[in-house]
Structures are given as structure tokens and as C-alpha cells.
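Dear colleague,

Please find below the structure I am handing over to you. My findings follow directly after it.

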Amino acid sequence: MTSLQQPDNYETLKAKISTAAIVGHTTDSTAKIWVRAYRDGLWTLIVSAQKLPEDAYDLSGKSLAAMKDENTDIVFMAERNFTHQTDLTTTFEVSGLKPDTRYYYYLASDKLGLDRCIEMGGDHAYSFRTLAKNPQSLQFGFYSCHDPFSVKPNSEGAWDKFYDVLNERRADFVIGGGDQVYCDTNHKSQIQDVWVWLKNNKNALLATYRKPDGSLNEPAIIDYFTKLYRTYYRIYWQFEHLRYVYRRFPQYMIWDDHEIMDGWGSLTAKERKAKICNFFQDDDEDANYELVMLMFKAAAQAYLEYQHAHNPDSKIINDDPDASEWDYHFDQGAYGFYMLDVRGHHDCELPDGQRLLGAEQFRRFKKWINSASIKKKKAIFICSPVPVVHWTESAVNTLDFGGQKDDFMDEWGHETNHKERNAMLELLLARSAESNIPIVILSGDVHCASAFQITHCTTYPKARLFNVTSSAISRKPAPGIATAAMQKSAEIDGFDGGRFEQMFRFAGENNFAIINADCQDNDLKLTATLYWAEPGSESVTQQVIKLVS
């Protein structure tokens with residue numbers, strides 16, 4: 001039996017972030033600032049309405065409190081104790097800000113005996129802008145599927161172009177639509193697949209953490225697994241232009257399967273056990289299943305620390321991801337947003353109509369979209385990491401076997417998900433038609449891009465419902481020939497009267513999207529612009545898709 005390595009030694013040869021920042025949920029007067037520090041101890045976040053002058057943050061023996069007293073531009077200062085319990089991460093909640101104003105932020109300490117007081121922000125490169133008061137116009141970015149290790153040489157894909165376009169368009173915020181890391185990466189990446197690691201090391205793990213009564217020390221195992229999952233975030237997020245985007249533009253994130261396991265939710269309990277089964281070995285299937293579910297808890301903990309912590313608040317039950325609500329919503333002036341969770345409660349063995357979102361999440365979403373405040377919005381945006389429409393549905397329902405099974409069973413268009421999809425489409429079409437509100441579903445997952453209008457001319461002739469997909473920003477994209485497998489304009493299989501109208505399709509290059517919603521004198525214009533470019537190229541190609549004009 002091989003000995004069990006220390007989890008802190010996992011993937012020691014890969015570069016990792018140490019100190020980093022993410023601007024999270026931001027309004028006209030508040031902002032969440034997520035920070036990871038390179039060491040534990042007391043750190044202070046400073047937010048200033050102007051760049052701090054050199055003599056302000058060169059303490060010269062002064063305390064941070066004295067610095068604040070002497071600088072009226074400092075609008076926020078708070079101290080937090082960073083510990084290894086949350087992998088040296090914490091989220092500051094900043095309030096009292098002014099609308100449509102740029103602020104600069106700094107991480108500093110006068111308690112740790114450091115050679116320099118300012119650890120982050122000394123070059124004034126860490127800043128963000130609050131939203132306007134009740135904005136009637138918005139521009140925001142959308143991306144998905146960040147895997148710079150899926151190609152050789154490793155490449156950050158379109159992140160540099162994304163950063164340039166966000167700056168040029170003066171974007172208000174960014175949505176990360178899933179697969180912000182790949183914990184189950186491919187062998188070509190030269191990064192360990194965490195599930196292959198578990199398969200190869202589970203016997204040593206069980207020997208180390210099995211108690212005398214035969215049960216497993218679950219908290220200790222979850223702690224071990226969580227350290228493995230954290231490693232992927234620190235490796236995947238160390239790319240330069242990704243960090244530029246994260247530290248400057250407010251980020252809204254939601255997970256997809258690769259933050260957990262490829263196809264999570266589309267595998268049966270038996271198939272999840274088989275994932276870590278070793279042939280020619282007397283495997284304990286119950287122990288296998290227990291380890292798989294403990295891995296899910298660890299994945300959820302790492303997701304909470306690195307992504308969900310800087311999202312708008314939702315109900316999170318510590319150590320119980322099944323009871324937690326990973327979906328959330330937020331308003332930005334005239335526009336409403338809902339981030340659907342298609343992984344945390346996804347289970348293909350649940351009753352028909354509950355497999356992707358689960359019954360409770362669907363009820364929450366239905367209550368939100370039927371609320372009085374949402375009925376008054378100019379437009380509604382819904383993030384569904386898996387597209388409602390993208391691949392030809394005949395392919396989804398005939399090629400769902402072997403290694404492709406879980407990929408196709410993830411899809412809303414798979415016949416096992418039709419009841420839930422139809423209920424969702426009825427809800428969206430009815431809200432759009434009754435309130436005269438365009439609704440845009442934003443999706444990733446599929447490593448190519450597309451845009452569709454979804455119609456129902458008999459029951460909901462006035463509905464304006466769209467699905468825009470952008471994927472992947474840095475994952476190796478699907479080849480150009482994949483366009484042949486994309487859904488064409490056609491009747492919706494299993495949804496009487498419904499129809500998909502193809503507006504655009506593209507494959508073969510890394511891509512991202514900018515959504516522009518502009519409402520002047522109650523006249524709404526709504527566009528989705530898809531951008532793509534070869535890594536390292538100086539030029540970027542764009543396609544403007546007019547949704548409402």
C-alpha cells in the first residue's frame with residue numbers, strides 16, 4: 001500500500017496565486033471585495049476615492065489608523081484575521097460608496113512585521129467602479145470554460161482580448177457562467193485529475209482515516225479533499241489577464257460540472273461508485289460511494305470560498321451543500337438577473353421534472369420571476385450554465401451512451417429532462433408575453449457559441465425569449481466542424497407549438513460575449529456581441545446579434 005501524501009504537497013510543480021483579489025457583487029453604494037493573502041494574520045483592506053499618495057502608504061512608523069486620520073480620501077478601512085481554515089481567503093463588505101465612482105483598494109498590514117506595509121495595490125492597479133443609481137443602460141461581459149491547460153503550449157486563450165474589450169466598452173460587471181476551473185482535467189494538461197488521484201489513492205486514504213469501529217473520519221477526509229480542490233483554483237487563476245479582469249470588474253459566478261466532476265448529476269449512484277472502482281481489486285462499493293459524496297462536500301466548500309463568497313448572499317448551510325441554496329438573484333436598475341444552479345441539486349435519479357434544478361430551486365425561481373418588481377423590469381437575464389438549446393436534439397437523444405452519456409444527459413434538450421425544460425419554457429414565455437419583457441438566457445458549457453430565439457406563436461406570440469451561449473474563453477474549443485451538430489431552426493422536440501430559431505452559430509475559436517442593454521425614453525435596444533480570436537493574435541473578430549431593436 002502506498003503512503004498518503006500531504007495535501008499541501010499536491011501539484012507542487014505548478015505556479016499558484018498567493019495574494020489575489022476579486023471584486024464581487026457591486027451596487028451603486030456597496031461592493032464585496034474578496035481577497036486571498038499569502039500568509040495568515042491580521043490584514044487590512046483600504047478603499048480610497050483617489051489613488052493614495054506615496055507618503056500616505058509608506059507608513060514611516062505610523063499606524064494604519066493614523067494614516068486614515070490623515071487622508072480624507074479613505075472611505076473604508078477594515079481589519080480581518082486571515083486563517084488557513086478558509087485557505088487564507090476572506091470577503092470584505094464595503095458600504096457608503098457613491099454611485100458611478102471609481103475607487104482604489106489596497107491590502108496592508110502593520111501587525112505582521114513585514115518589510116512593506118502595502119501588499120496589494122501599491123501600483124494603484126486594484127480598482128473598481130460602482131454602478132450608476134438605478135441604471136437604465138448596462139454593458140456586461142459573459143464568459144465560461146476556463147482551462148488554459150487543455151492546449152499545448154498552455155494559453156490563456158481570449159482573456160487578454162476580453163480585458164481590452166471590457167475596458168474599451170466600460171463594462172459594468174462580468175458573469176462567469178460555469179467551469180471557472182477544471183478539477184477533472186484531461187491527461188494532456190499535465191495536471192492531475194482529482195478523480196484519477198482518488199481512484200489511485202483511496203486505499204491509502206481509507207487506511208489513514210478509518211476509525212477503530214470501521215466508520216470513516218468524515219470531517220478529516222473532507223478537510224483533505226478540500227485542500228485538493230483549493231489547489232485547482234490557485235493554479236487555474238494565476239493567469240495574468242484573468243487576474244486583471246477579476247480585480248477590476250465586479251464578478252458574478254456560478255459553478256458547472258468541472259468544479260466538481262465531469263457530468264456531475266448525470267451519473268447514477270452506481271456510475272459514481274464505478275468512477276473510482278479499481279478492477280481486479282475487492283472494492284468496498286459502500287466506501288466508494290461515501291468517498292464520492294465527501295468529495296462533493298469538499299468541492300462545495302472550495303466553491304464557496306473561492307466563488308460564491310463574493311456573490312450576492314444566499315442561504316448556505318455549513319457542511320451541508322444539499323441543504324444550501326447555490327442559486328441567487330440580483331437587480332441592476334431596470335434589469336433583473338437570476339443565476340440558476342444546474343449542479344448543486346442535479347441528480348438524474350430524481351423524479352421526472354426535478355432532475356436539473358430540483359423542486360425547491362424551481363419554486364424559488366418561479367416566485368422570483370412572478371414577483372411584482374420583476375414584472376416591471378425592462379429586461380430579464382438568466383444564467384443557465386448548460387444551454388436550453390445548442391446541440392441538435394436528435395443527436396442529444398441518440399448519442400447518449402459511452403463517454404458521451406453524461407454530456408448529453410446534462411442538456412435541457414435530453415428527453416429525460418423534457419418535463420423540467422417544458423415547465424421552464426412555459427414560465428419564461430408566459431412572463432415575457434404577459435409583461436412585454438425580453439428574456440435572455442446566458443449559457444456556456446459546450447465550447448462553442450450560438451444564439452437562438454425561442455418562440456411559441458400560438459400561445460405566446462408576443463414573447464421574446466433568447467438563448468445566447470459563449471464558450472470557451474480558454475478551454476480548447478470544439479473544432480469548426482462542430483457547427484454541423486448545432487441545432488438548426490426547427491420545431492422543439494417534445495414541446496408542442498414551440499420552435500427554435502437559429503440566429504448565429506460558431507465553433508473553432510476561444511470566445512466571449514458582451515451584452516448591451518440600452519433604454520432611452522423607454523425605448524429598449526438589446527444586443528449580444530460575440531468576440532473570438534486565436535490566442536496570441538493581435539486582432540479580434542466580432543458578431544453583433546440584435547435581440548431587441
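K377 counts as buried, because its relative accessibility is 12% and the cut-off for buried is under 20%. Please bear in mind that this is a predicted model. K377 forms a salt bridge with D331, and the closest N and O atoms of the two are 3.5 Å apart. D331 belongs to strand β12, whereas K377 sits in the loop between α10 (372-375) and β14 (379-383), so the salt bridge ties together parts that are 46 residues apart in sequence. D331 itself is partly exposed, since its relative accessible area is 37%. This pair therefore joins a partly exposed residue, D331, to a buried one, K377.

Other salt bridges

Side chains of opposite charge can pair when their charged atoms come close. In this model, the count comes to 23 salt bridges. One of them is formed by the side chains of E325 and R364, at 3.4 Å from N to O. This pair also links distant parts of the chain: E325 lies in the loop between α8 and β12 (328-332), R364 lies in helix α9 (residues 359-369), and the two are 39 residues apart. R364 is partly exposed, with a relative accessible area of 22%.

A further salt bridge brings together the side chains of E491 and R499, with 2.9 Å from N to O. How accessible is E491, buried or exposed? E491 counts as exposed, because its relative accessibility is 53% and the cut-off for exposed is over 50%. Its partner R499 is partly exposed, with a relative accessible area of 26%. In addition, D100, R129, R170 and D172 are joined into one network by salt bridges that share partners.

The sheet of β1, β2 and β5

An open sheet is formed by 3 strands in the order β1-β2-β5, and their pairing is antiparallel. Its edge strands are β1 (20-26) and β5 (89-94), each of which pairs on one side only. From one strand to the next, the twist averages 20°. Strand β2 (residues 31-36) pairs with β5 in the antiparallel sense over 6 bridges. Within this pairing, I33 has F92 of β5 as its bridge partner. Helix α8 (residues 285-306) packs on the sheet and touches β1, β2 and β5. The direction of α8 makes about 120° with that of β2.

Strand β17 and its partners

Strand β17 (residues 460-469) is mostly covered, as 7 of its 10 residues are buried. Which strands pair with β17, and in what sense? Strand β15 (residues 439-443) pairs with β17 in the parallel sense over 5 bridges. There, the bridge partner of V440 is F466 in β17. Strand β16 (residues 449-456) pairs with β17 in the antiparallel sense, over 6 bridges. In this case A451 has V468 of β17 as its bridge partner. A hairpin of 3 residues joins β16 to β17. As a point of background, in a regular strand the side chains alternate between the two faces of the sheet.

When you go through the model, you may wish to begin with the salt bridge of D331 and K377, then turn to the sheet in the order β1-β2-β5, and finish with strand β17, where 7 of the 10 residues are buried.

With kind regards

Technical notes: Residues numbered from 1 in each chain as written. Predicted model: local features only at pLDDT ≥ 70, side-chain atom pairs only at ≥ 80, totals over all residues. Heavy atoms only, no water. Buried < 20%, exposed > 50% of the residue type's maximum accessible area, 1.4 Å probe, protein only. Helix = DSSP H or I, 4+ residues; strand = E, 2+ residues; numbered from the N terminus. Pairing = 2+ DSSP bridges. Axes fitted to C-alpha atoms, helices over the stretch in contact; angles between N-to-C directions. Contact = heavy atoms within 4.5 Å. Salt bridge = Lys/Arg side-chain N within 4 Å of Asp/Glu carboxyl O.
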